[in-house]
Amino acid sequence: MRAVLVKITFYEALFRAHYTETNPITYPIPLPPSVAGIFGAMLGWQRDEVEKKTANLMFGAKLLSWKGTSAEISRIIQFEEGGRPILPPPIMRFELLVEPTFLLAMAGYEEEIEDFSEKLADGFEYLPYGGRNEYFVKDIEVLGCKGVQVASVVESYSPENWIEKVELEKEGWIKVLQVMHVIKNASEWFNFVYKGRLNLSRQVPVVEGIHLYPLNSFFWCSP
């Protein structure tokens, strides 16, 4: 199995954490459905093609750098059934990642991944966005392909009950957030690590420190 790697920077990004209907916070690293969406945009996939095209693929990401978080205050206009707006419109605070740079991975059978890598090197069908379409991409670099390994140390995110030890570098941190998924024997709480390592109790598919997951382990949208 091989993975195509893409380094991508957004001016701002918001990957809304599950269970946060009001005052949304962001996952510090995009989950596999968001990673698949970014690759899908660049490759020109249509929404009704995603399930078929990703059947044999795995996705993941890690945070390489960022400039911290900021906040966006928005007034949300909600409409009742029949088209009447709810007044007064509520004001919501959205947490944003400021200039995050991620390493994204899409893994699968070698021939298919090499084909995707060549298509990405030739150009993009659509520019991806950082979780919502008003958060624009700043820079994209296609890094080519690399072999996937099986390892027990990752530098991205994993279920909390799989983690035996956390090692952090200077300025490193851990963020714990709930994730909607259907992974067997995995906690709904995930640890997201920056400048550090998660030592797991099991071996998982990994490339460049990124824990890879099949897309069908997650929901494409909140149920």
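**Figure 1. Asn199 and its surroundings.** A polar contact of 2.8 Å links the side chain of Asn199 to that of Glu167. The model shown is predicted. Asn199 sits in strand S11. Its relative accessibility is 17%, so Asn199 counts as buried, the cut-off being under 20%. Setting aside neighbours within four places in sequence, Asn199 contacts Ser152, Val153, Trp162, Ile163, Glu164, Lys165 and Glu167. Glu167 is thus named twice for Asn199: as a polar-contact partner and among the contacted residues.

**Figure 2. The pairings of strand S11.** Strand S11 covers residues 189-207. Strand S10 (residues 163-178) is joined to S11 by 11 bridges, and the two run antiparallel. In this pairing, Ile163 has Leu200 of S11 as its bridge partner. Strand S8 (residues 149-154) is joined to S11 by five bridges, again antiparallel. Here Ala151 stands opposite Val204 in S11. Strand S9 (residues 157-159) adds three bridges to S11 and is also antiparallel to S11. Tyr157 has Phe192 in S11 as its bridge partner. As general background, strands of a sheet pair through backbone hydrogen bonds, in either a parallel or an antiparallel sense.

**Figure 3. The hairpin of S11 and S12.** S11 and S12 run antiparallel and are joined by two bridges. Val207 stands opposite Ile210 in S12. Two residues lie between the strands of this hairpin, and Glu208 takes a positive phi near 50° there. Glu208 belongs to the loop between S11 and strand S12 (210-211). With a relative accessible area of 34%, Glu208 is partly exposed.

**Figure 4. Lys195, a positive phi within a strand.** Most residues other than glycine have a negative phi. Lys195 has a positive phi, near 55°, and is not a glycine. Where is Lys195 placed? Lys195 lies in strand S11. Its relative accessible area is 29%, so Lys195 is partly exposed. Glu208 also has a positive phi, near 50°, but is found in the loop between S11 and S12.

**Figure 5. Gln178 and its contacts.** Gln178 lies in strand S10. Its side chain makes a polar contact of 2.9 Å with the side chain of Glu188. Which residues does Gln178 touch, not counting those up to four places away in sequence? They are His18, Tyr19, Tyr27, Glu188 and Trp189.

**Figure 6. The open sheet of five strands.** The strand order is S7-S1-S6-S3-S13, with antiparallel pairing. At the edges are strand S7 (137-147) and strand S13 (213-214), each pairing on one side only. Strand S1 (residues 2-10) and strand S6 (residues 101-108) pair over eight bridges in the antiparallel sense. Within that pairing, Val6 stands opposite Leu104 in S6. H1 packs on the sheet and touches S1, strand S3 (58-65), S6, S7 and S13. The direction of H1 makes about 80° with that of S6. H3 packs on the sheet as well, touching S1, S6 and S7. The direction of H3 makes about 30° with that of S1.

**Figure 7. The packing of H1 against H3.** Helix H1 (residues 32-43) and helix H3 (residues 110-122) pack at an angle of about 60°. Their axes are 10 Å apart. The crossing of H1 and H3 is left-handed. From H1, the residues at the contact are Phe39, Met42 and Leu43. From H3, they are Phe116, Lys119 and Leu120. By class, this contact holds five nonpolar residues, no polar ones and one charged residue. The charged one is Lys119.

**Figure 8. Gly83 and Ser156.** Gly83 is placed in the loop between strand S4 (69-75) and strand S5 (91-98). Is Gly83 buried, exposed or partly exposed? Gly83 has a relative accessible area of 44%, so Gly83 is partly exposed. Along the chain, Gly83 and Ser156 are 73 residues apart. In space, their C-alpha atoms are separated by 43 Å.

Notes: Residues are numbered from 1 along each chain as its sequence is written. This is a predicted model: local features need pLDDT of at least 70, side-chain atom pairs count only at pLDDT 80 or more; totals for chains, interfaces and linings use all residues. Side-chain values use heavy atoms; hydrogens and water are left out. Helices (H or I, at least four residues) and strands (E, at least two) are DSSP runs, numbered from the N terminus. Buried means under 20% relative accessible area, exposed over 50%, partly exposed in between (1.4 Å probe, protein chains only). Two strands pair if DSSP finds at least two bridges between them. Axes are lines fitted to C-alpha atoms, for helices over the stretch in contact, and angles run from 0 to 180 degrees between N-to-C directions. A crossing is left-handed if the near helix is turned anticlockwise from the far one by less than a right angle, and right-handed if clockwise. Contact means heavy atoms within 4.5 Å. A polar contact is a pair of N or O atoms within 3.5 Å; within protein, one must be able to donate a hydrogen and the other to accept it, and residues adjacent in sequence count only if both atoms are side-chain atoms.
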